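Got the viewer open? Load the model, keep the selection box handy, and let's walk through it stop by stop.

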Amino acid sequence: MIDCRSDTVTKPDQAMREAALSAEVGDDVYGEDPTVNELEARAADRVGMDDALFVPTGTMGNQIAARVHAEPGQEVLADRQSHVVKYELGGLAQHAGLQVRMLDADPRGIPTPEQVAAGYVEEDAHRPGTGLLCLENTHNVRGGVAIEPDAIAAAAEAAGERDVPVHLDGARVFNAAVALEVPVTAITERVDSVMFCLSKGLGAPIGSMLAGDEDFVARARRTRKLFGGGMRQVGVVAGPGLEALENVDDLAEDHELAELLAAGLDDVPGLSVREPETNIVLVDVAETGLDVEAALDRLRERGVLATPFGPTTVRFCTHRDLDERDVEAVLERTTAALG
Ligand SMILES: *Cc1c(COP(=O)(O)O)cnc(C)c1O
């Protein structure tokens, strides 16, 4: 079976397993796990922030950020196709008492300054006020698109002019930086906080980082405890996380595989393929006459796993556990299954 469902399916490699075995550990709730402390310092440095917090999942990182930045009742501005809106179980409402004002940030998922301005609600006797702007890079649902630093800066500036903090859901922000060939700090320098996942393309078995200024991270640390995410001798997973941070440059290979995959899929009759920018390839199967579930069933029968991403859209994701031969096999099998 060739698994193209997600870059989360990557398994820890030998270096990570050894890092887990040899990690120095302590009780991280007391701040005494040296491996976690090193990971937090290095992660903060990577994204150009004062400090960072190790969290079990990206979802928890986003939810903590929203809770810290905004007050209950306030509104969060976010693209209607963003992860925080679609895939976090309404957590903004459940964990932070926030309501979402969705923006139609077509086609790339990054709101324009005008959209931010139009969505902004000023607090008064009747209106709750806007408490947060949440951006996403790469934007998953919109096809793994890599949002340019200028677009982030423009949206962030529109928020900043209104004293609205900005959180970046950067689950795959290193994919964006690698694809755009910019330092990741060019993307993160204009936001107040950023979450990124170690557990996706970077290959770690567990974990995400939430970074921001000192005050933000101090409050995020308390909120992580509140959410039940205070962990103990967690150096055993922070060790692999440190290894994962060394894998950033390898993401370029995932992007090349995605291009190879997209080019090949485009030759399959009936498939309409979106040109990938990073490691996500969206394929519309409508012209095959199949719906997404039928298409995925046929792929599975031939030994390929992918993800449903709409009524006729399939998402393929490349990652570090795939190579060119796997992609060639995916192309052969997809041609046989859907062509
Ligand atoms: C995967 C993902 C998350 C959440 O990460 P988990 O570790 O799976 O909770 C958040 N945002 C985006 C854009 C993602 O792709």
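How do the residues of the shell around the ligand divide into nonpolar, polar and charged? They come out as three nonpolar, six polar and five charged, where Ala, Val, Leu, Ile, Met, Phe, Trp, Tyr, Cys and Pro count as nonpolar, Asp, Glu, Lys and Arg as charged, and the others, Gly among them, as polar.

A quick note before you click: this is a predicted model, in which local features need pLDDT of at least 70 and side-chain atom pairs count only at pLDDT 80 or more, while totals for chains, interfaces and linings use all residues. Numbering runs from 1 along each chain as its sequence is written, and side-chain values use heavy atoms, with hydrogens and water left out.

**Stop 1: the ligand**

Select the ligand and show what surrounds it: 14 residues, each with a heavy atom within 4 Å. Gly58, Thr59, Asp169, Arg172 and Lys200 are the closest. Helix H3 (58-69) supplies the largest share of this shell, three residues. (Helices, H or I, have at least four residues and strands, E, at least two; both are DSSP runs numbered from the N terminus.)

Now look for polar contacts, meaning pairs of N or O atoms within 3.5 Å. A polar side-chain atom of Asp169 sits 2.6 Å from a ligand nitrogen, and the side chain of Lys200 has an N or O atom 2.7 Å from a ligand oxygen. The protein covers 85% of the 380 Å² of accessible area that the ligand has on its own (Shrake-Rupley method, 1.4 Å probe).

**Stop 2: the largest cavity**

Next, select Ala171, Arg172, Val173, Phe174, Asn175, Cys197, Lys200, Gly201, Leu202 and Leu251, which line the largest cavity. The space inside is about 40 Å³. A cavity is a set of points on a 1 Å grid over the protein atoms alone where a 1.4 Å probe fits but cannot get out, and lining residues have an atom within 4 Å of a point. Helix H8 (residues 173-180) gives the largest share of the lining, three residues.

**Stop 3: the largest pocket**

Finish with Val141, Arg274, Leu282, Phe309 and Thr313, which lie nearest the centre of the largest pocket among its 13 lining residues. A pocket is an open set of points with protein on both sides within 12 Å along at least five of seven lines. The volume of this one is about 190 Å³, and strand E10 (280-284) gives the most to the lining, with three residues.

Note on methods:
Points joined across faces, edges and corners; volume = space filled by probe spheres on them. Polar contact = N/O pair within 3.5 Å; in protein donor to acceptor, adjacent residues only side chain to side chain.
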